[in-house]
Amino acid sequence: MSTNLPNNLDAFWMPFTANRSFKKNPRIISAAKDMHYTSHDGRQIIDGTSGLWCCNAGHAREPIVSAIQNAALTLDYAPPFQFGHPDAFKLATRIVELAPGDLNQVFFTNSGSEAVDTALKIALAYWRAKGEGQRTRFIGRERGYHGVGFGGISVGGIVSNRKTFGPMLNGVDHLPHTYNRSEQAFTKGEPEWGAHLADNLEQIIALHDASTIAAVIIEPMAGSTGVLPPPKGYLERLRSICDKHNILLIFDEVITGFGRLGSAFAANRYNVQPDMITFAKAVNSGTVPMGGVITRAKLYDALMTGPEHMVELFHGYTYSAHPLACAAALATLSLYKSEGLFEKAKGLENTWASAIMTLQNIPQVQDIRVVGLAAGIDLLPKDKPGISGFEAMEHSFNKADILIRITGDTIALSPPLIMDENHIGEIVDKVSQTIRAIY
Ligand code: PMP
């Protein structure tokens with residue numbers, strides 16, 4: 001058995017991690033291939049969460065690895081301001097082909113958080129360009145996660161991500177979240193109950209007047225707060241209220257983009273056209289940091305005015321459209337296509353849902369939501385919130401050899417789209433074993 005524990009665990013301040021507890025009982029991942037991670041002590045850990053909702057093509061896939069290696073040898077870096085490189089244009093074209101309707105341009109970032117802040121800034125710049133600069137207000141949603149930039153935590157709806165940081169963006173309101181256990185318990189796919197919650201947007205508009213509102217931003221399926229699929233008809237209703245009042249609608253598809261729900265984007269699955277889509281993670285199967293915003297033609301067109309030699313949008317990142325990230329994304333999108341992984345995800349959805357739903361026989365499982373190749377499993381809380389979840393995370397990695405994601409006392413699952421029925425069986429067994437072990 002190989003051991004690969006770092007000598008010194010002190011210097012690395014770990015993100016979104018209980019650092020003191022981790023350093024007493026470290027969980028170290030040292031390698032990955034296809035559906036599995038290898039732990040520092042040589043165990044094969046099945047990946048129940050695509051890393052962190054990103055590795056949809058599985059791990060260390062040869063075509064992606066070669067593309068990154070070739071890019072590093074050919075063009076390691078190119079400045080993205082006032083210069084371009086071929087793969088950036090090729091990739092933007094490929095992404096636009098996957099997106100619905102006239103979502104025709106892509107602005108590249110390096111993460112989902114940057115994608116969200118970019119989308120909010122594009123919305124503000126758009127309204128100024130249209131002569132409606134008083135439209136500055138944003139509407140997010142409770143239980144929304146939009147990354148950790150100041151824009152993202154402001155429109156996001158998670159108290160622990162906001163409470164320690166003082167002032168947020170001004171002028172942000174939140175729609176109610178769409179989860180209601182008594183109406184939606186153990187739902188497969190989109191719940192029947194809840195479309196009317198979109199009408200709260202009308203109340204917010206009545207309070208402030210539509211002429212002050214720039215955009216509404218939501219995750220079509222809220223992932224990070226426990227897999228909350230949209231109630232049937234909810235997204236359509238939001239779209240029609242936004243249309244009525246001329247408000248932009250942004251779908252944050254950092255989790256749902258690139259196949260998680262059996263289509264390129266959730267917008268395709270639900271047949272609802274947003275004005276912008278943010279993406280990251282699975283665009284290159286998590287291999288090189290990358291995110292971006294896809295915008296409808298009217299946004300780009302409104303900003304392409306003024307003298308031609310002038311920069312139209314004063315925004316961008318040193319690593320926007322990084323050559324290694326672009327090469328990885330082009331290879332990943334080719335793999336999704338050649339292996340038909342979005343269609344495969346769609347085909348597996350029922351098998352996945354039925355297998356996951358067997359967990360409802362465990363008495364401590366309080367609710368399950370399952371949609372696409374994702375699932376949220378709510379566990380009975382122990383004496384303090386988060387303990388059941390924390391124990392499940394530790395047990396699953398240390399003893400059951402499966403990687404899961406925990407938010408509070410909810411287990412979130414989102415395995416690579418390359419999984420087969422045997423993997424589904426193994427994942428469900430290991431999750432079941434974990435839940436039974438912690439009570
Ligand atoms: N938006 C959504 C919907 C997300 O799920 C996430 C990350 N889980 C983000 C934004 C932030 O992405 P990142 O961590 O890459 O900044």
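Axes here are lines fitted to C-alpha atoms, for helices over the stretch in contact, and angles run from 0 to 180 degrees between N-to-C directions. Helices (H or I, at least four residues) and strands (E, at least two) are DSSP runs, numbered from the N terminus. The model is predicted: local features need pLDDT of at least 70 and side-chain atom pairs count only at pLDDT 80 or more, while totals for chains, interfaces and linings use all residues. Residues are numbered from 1 along each chain as its sequence is written.

**First stop: helices 15 and 16**

Select residues 387-398, helix 15, together with residues 421-438, helix 16. Their axes come within 9 Å and cross at roughly 125°. Helix 15 and helix 16 are therefore oblique to each other (angles under 35 degrees count as roughly parallel, over 145 as roughly antiparallel, 65 to 115 as roughly perpendicular and the rest as oblique). Helix 15 supplies Ser 388, Glu 391, Ala 392, His 395 and Ser 396 to the contact, and helix 16 supplies Lys 430, Thr 434, Ile 435, Ala 437 and Ile 438; residues are in contact if their C-beta atoms, placed from the backbone, lie within 7 Å. By class, these residues are four nonpolar, four polar and two charged (Ala, Val, Leu, Ile, Met, Phe, Trp, Tyr, Cys and Pro count as nonpolar, Asp, Glu, Lys and Arg as charged, and the others, Gly among them, as polar).

**Second stop: the sheet**

Keep helix 15 in view and add strands 13, 15 and 16, across which helix 15 lies, running at about 170° to strand 15. These strands belong to an open sheet of five, in the order 7-12-13-16-15, with mixed pairing (two strands pair if DSSP finds at least two bridges between them). Strand 7 (187-188) and strand 15 (405-407) stand at the edges with a single partner strand each, so one side of each has no neighbour in the sheet. Strand 15 runs antiparallel to strand 16 (residues 410-413), and three bridges join them. Select Arg 405 to find Ala 412 of strand 16 opposite.

**Third stop: helices 3 and 13**

Move to helix 3 (residues 62-74) and helix 13 (residues 323-338), which pack at about 155° with axes 8 Å apart. That angle makes helix 3 roughly antiparallel to helix 13. The residues of this contact comprise 13 nonpolar, three polar and no charged.

**Last stop: the ligand**

Finally, select the ligand, which 16 residues surround, the closest being Ser 111, Gly 112, Ser 113, Gly 147 and Val 254; a residue counts as near if its C-beta atom, placed from the backbone, lies within 6 Å. Helix 5 (residues 112-129) gives the largest share of this shell, three residues.

How values were computed:
Two residues are in contact if their C-beta atoms, placed from the backbone, lie within 7 Å.
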